[in-house]
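Trainee: Please take a close look at the enclosed space inside this model. I should like to know what surrounds it, and how its surroundings relate to the rest of the fold.

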Amino acid sequence: MIDLPFAVKTPVSVGRVGLKARDAKALADYYSAVVGLEQLSSDGETITLGSKNRPLLVIENDKAAKPDDPRSAGLFHTAFLLPSRADLGRWINHAIENRIPVDGASDHLVSEALYLTDPEGNGIEIYADRLPTDWKWNGNQIEMATHRMDVEGVRGAVSPGSSKWQGAPEGSVVGHVHLRVGDPVAAEEWWKRTLGFDTVAKYGAQAVFLSTGGYHHHIGANAWQSAGAGQRDRGLSGLDWVELRSSKASEAASYEDPWSTTIRVVPGQPA
């Protein structure tokens, strides 16, 4: 069996993300062509995509949905974690060859990441982690930053003559989810109290990062665009729910954060 990333070896990790789409088929086609996810199932209204039979993204069709509002609470980005730096290099080559628009490319010290936006305005991160042994901790706070990515260095991790990008490789997972919230302080309190997460980093009062088991973050929550936002309008497209896998859970449960974002928890042992 393939060795999965550290992100899903912790007591609680991200399993799947659910999106509500105005055109589910078109959105699913985008995630297949650009992110490299494969369609695992479809019933006409709900499409499940993933990597090598591992479900990662569920898109539900809702033609009546209103366009998502980036100033509201909701999804900042879904972060797809690739197994290796070479895989990230292959994806960059794929993006260059297919002229895929990219919003940014960053070195976060713990990881290297590219950012893009899907056709319905949902943020996407595609990233690879550095080795956990190379992460720097100051007590219980992890050192992260946003520097320019060494794009050519990442591309250089692809061995000459090795295979090109052929879709998200086995072992790809949703490493973390970054949320838009009205108040990061309230978000931090909720995630710690309700789901037992640990705070691992803060960017002033505007963003907080939380995890379990010593990962650099499973959840991010920021108010960069959404400061003061109230409860999420259920009639909007975009984020529908986030599903966590928890070794602490004996049965499935569903919660709502202070902005009415649905957080599902299902039983599951670390990968």
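Mentor: In this predicted model, the count comes to one cavity of 30 Å³ or more. Rolling a probe the size of a water molecule over the atoms shows where empty space is left. The volume of the largest cavity is about 40 Å³. Its lining consists of V35, L37, L56, F80, L81, L82, I126, A168, S172 and V173. By residue class, nine of these are nonpolar, one is polar and none is charged. Strand β5, residues 74–82, supplies the largest share of the lining, namely three residues.

Strand β5 therefore deserves attention as the main contributor to that lining, and its sheet comes next. Nine strands make up an open sheet of mixed pairing, in the order β11-β6-β7-β8-β5-β12-β15-β14-β13. The edges are β11 (147–148) and β13, each of which pairs on one side only. Within this order β5 stands between β8 and β12. Five bridges link β5 to strand β8 (residues 123–129), and the two strands are parallel. One bridge joins A79 to E125 in β8. Strands of a sheet pair through backbone hydrogen bonds, either parallel or antiparallel.

The packing can be read alongside the cavity. In soluble globular proteins, nonpolar side chains tend to be buried together. The largest nonpolar core here has 56 residues, and the members that touch the most others are Y31, L37, I59, W91, V177, W191 and L244. Helix α1 (residues 24–35) contributes the most to this core, with seven residues. Another core lies apart from it and has 18 residues, including L81, A113, I142 and V173. The lining of the cavity includes L37 as well as L81 and V173; L37 is a member of the 56-residue core, whereas L81 and V173 belong to the core of 18 residues.

Y31 shows how the larger core reaches the lining. Beyond its neighbours within four places in sequence, Y31 is in contact with L19, G36, L37, L57, I59, F80, D118, N122 and I124. Among these contacts, L37 and F80 also line the cavity.

The far side of the sheet order leads to β14 and β13. Strand β13 (residues 198–203) and strand β14 (residues 207–211) run antiparallel and are joined by five bridges. Y203 stands opposite A207 in β14. The hairpin of these two strands has three residues between them, and there G204 adopts a positive phi near 60°. L210 is also in β14. With a relative accessible area of 0%, L210 is buried, since the cut-off for that term is under 20%. Its contacts beyond four places in sequence are E188, W191, K192, F197, D198, T199, V200, H217, H218 and I219. One of them, W191, is among the members of the largest core that touch the most others. L210 and A221 are 11 residues apart in sequence, and their C-alpha atoms are 8.5 Å apart.

Towards the other edge, S106 lies in strand β6 (residues 104–107). This serine is buried, because its relative accessible area is 11%. Leaving aside residues up to four places away, S106 touches S111, E112, A113, Y115, T146, H147 and M149. A113 is one of the residues of the 18-residue core, and H147 falls within β11 (147–148) at the edge of the sheet.

Several residues in loops complete the account. S237 occupies the loop between β15 (219–222) and β16 (238–246). It is buried at a relative accessible area of 0%, and it touches K20, R22, A65, K66, P67, D68, E120 and R232, residues up to four places away being excluded. K52, in the loop between β3 (46–51) and β4 (54–61), has a positive phi near 50° although it is not glycine. K52 is partly exposed, at 46% relative accessibility. S260, in the loop between β17 (253–256) and β18, likewise has a positive phi, near 65°. Unlike K52, S260 is buried, with a relative accessible area of 8%.

Q269 follows β18 (262–267) in the chain and is exposed, at 56% relative accessibility. Its contacts beyond four places in sequence are R245 and S247. Q269 and P11 are 258 residues apart along the chain, yet their C-alpha atoms are separated by 7.2 Å.

Definitions and conventions
Residues numbered from 1 in each chain as written. Predicted model: local features only at pLDDT ≥ 70, side-chain atom pairs only at ≥ 80, totals over all residues. Heavy atoms only, no water. 1 Å grid on protein atoms, 1.4 Å probe; cavity = no way out; pocket = protein on both sides within 12 Å on 5 of 7 lines; lining within 4 Å. Points joined across faces, edges and corners; volume = space filled by probe spheres on them. Helix = DSSP H or I, 4+ residues; strand = E, 2+ residues; numbered from the N terminus. Nonpolar A, V, L, I, M, F, W, Y, C, P; charged D, E, K, R; others polar. Buried < 20%, exposed > 50% of the residue type's maximum accessible area, 1.4 Å probe, protein only. Contact = heavy atoms within 4.5 Å. Core = buried A, V, L, I, M, F, W, Y, C linked by side-chain atoms within 4.5 Å. Pairing = 2+ DSSP bridges.
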